[in-house]
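Subject: Handover of a structure model

Dear colleague,

Please find below the structure that I am passing on to you. I would be grateful if you could keep it open while reading the notes that come after it.

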Amino acid sequence: MDIRRRNNVTVTGNPQGPTVVLAHGFGCDQNMWRLTTPALMNDYRVVAFDYVGSGSSDLSAFSVERYSALEGYAQDVVDVCETLDLRDATFVGHSVSAMIGVLAAAMIPERIGALIMVAPSPCYIDDENYRGGFSAEDIDELLASLESNYLGWSAAMAPVIMGNADRPELGEELTHSFCATDPEMAQVFARTTFLSDSRTALQGVKVPTLVLECTHDVIAPREVGAYVHQAIPGSSLVTLDATGHCPHLSAPEATNEAIAAFLRSLR
């Protein structure tokens, strides 16, 4: 299979520089990184892609069985890295992709040498000694609403996820992205995302890691960022002066500065 076509892989930037892989979150595609890519292109080789079922990926390659677990999406990352023969790349994952990156790094340690986790959450459901931000009932209701009326759910939830009510164009963009995703495939990705629990995987991270959180994020509250930081040995935590779950769109300058500073520390 042509992985480049399957995952709509794009390679830009400096071909002689270290490689940075940009991975989008649920309901999105690589276009969500358009404000970050220009900040990296002079010094880094920038790889972006769409998970199967998202963006301009080959939808015929979608499998409910494969993509009903985060490992299926991690295999997409593995396939892209192996196809491009990447070595010691820095994987930048937004939201659920942060945890997908953790899984992929364990599968191909020679190809992923560092992680940048943007608004990560290893588990969305509150536990006895853990605050994920949602009760089990909350998630059940969210998924039921999504599965009964995906377009209506998208229109209602995307602005909440994006935050920044004073900048409605951001919520409208995320709504459009959600609505452009095939509803059946989005339902699988959503169920995989919101029911996942990857907390035990964090302790196995062996590469330099940056955790980026926002000051106010309804999807990944700051307790989650603190948990991820504490669970990954030697990780760095940066709190962005940003609101919402997509700081690479709502606060690109602060996000890009944090990413660039971490990348410089690796060189």
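The notes below go from the whole chain to individual elements and residues.

**Overall description**

Please bear in mind that this is a predicted model. The protein contains 13 helices and seven strands. Along the principal axes, its C-alpha atoms occupy a box of roughly 50 × 40 × 35 Å. The radius of gyration is 17 Å, which agrees with the value near 18 Å that a compact globule of 267 residues would have.

Of the 267 residues, 55% are buried. If one takes the contacts between residues at least 6 apart in sequence, 76% of them join residues at least 24 apart. The surface that the protein exposes comes to about 11100 Å², and carbon and sulfur atoms supply 49% of that area. As for charge, the protein carries 16 positive and 34 negative charges, and the mean positions of the two groups lie 9 Å apart.

**Helix 11**

Which residues of helix 11 are buried? In this helix, which spans residues 222-231, they are Val224, Gly225, Val228 and Ala231. These residues are on the same side of helix 11, because the arc they cover around the axis is only 135°. The cover over them includes two helical and strand neighbours that precede the helix in numbering, namely helix 10 (199-202) and strand 6 (209-216), together with strand 5 (112-118) and strand 7 (236-243).**Strand 2 and the residues around it**

Val20 and Val21 may be read together. Val20 lies in strand 2, and Val21 has its place in that strand too, which runs over residues 19-23. Val20 counts as buried because its relative accessible area is 0%, where the cut-off is under 20%. Val21, at 2% relative accessibility, is buried as well.

What does Val20 touch beyond its neighbours within four places in sequence? Its contacts are Leu40, Tyr44, Arg45, Val46, Val47, Thr90, Val92 and Leu263. With the same neighbours in sequence left aside, Val21 touches Val47, Phe49, Leu86, Ala89, Thr90, Phe91 and Val92. Val47, Thr90 and Val92 thus appear in the list for Val20 and in the list for Val21.

Two C-alpha separations may be useful for orientation. Val21 and Val46 are 25 residues apart along the chain, and their C-alpha atoms are separated by 6.0 Å. For Val20 and Asp88, 68 residues apart along the chain, the separation is 9.3 Å.

**Leu86**

Leu86, one of the contacts of Val21, is placed in the loop between helix 4 (70-83) and strand 4 (89-94). Is this loop residue buried or exposed? It counts as buried, because its relative accessibility is 1%. Apart from residues up to four places away in sequence, Leu86 touches Thr19, Val21, Arg45, Cys81 and Arg111. Arg45 is also among the contacts of Val20. The C-alpha atoms of Leu86 and Pro18 are separated by 9.6 Å, with these positions 68 residues apart along the chain.

**Gly72**

Gly72 is found in helix 4. With a relative accessible area of 6%, Gly72 is buried. Outside the residues up to four places away in sequence, Gly72 touches Arg66 and Tyr67. Its C-alpha atom is separated by 28 Å from that of Leu263, which is 191 residues away along the chain.

**Two residues with positive phi**

Most residues other than glycine have a negative phi. Two exceptions deserve mention. Asn8 has a phi near 50°, and Ser95 has a phi near 60°.

Where are these two residues placed? Asn8 is in the loop between helix 1 (3-6) and strand 1 (10-13), whereas Ser95 is in the loop between strand 4 and helix 5 (96-107). Asn8 counts as partly exposed because its relative accessibility is 24%. Ser95, by contrast, is buried, with a relative accessible area of 8%.

With kind regards

Conventions:
Residues numbered from 1 in each chain as written. Predicted model: local features only at pLDDT ≥ 70, side-chain atom pairs only at ≥ 80, totals over all residues. Heavy atoms only, no water. Buried < 20%, exposed > 50% of the residue type's maximum accessible area, 1.4 Å probe, protein only. Helix = DSSP H or I, 4+ residues; strand = E, 2+ residues; numbered from the N terminus. Arc of directions from axis to C-beta. Contact = heavy atoms within 4.5 Å. Rg over C-alpha atoms; globule rule 2.2 N^0.38 Å. Areas by Shrake-Rupley, 256 points an atom, 1.4 Å probe, with all protein chains shown as cover. Lys, Arg positive; Asp, Glu negative; His and termini not counted. Charge placed at Lys NZ, Arg CZ, Asp CG, Glu CD.
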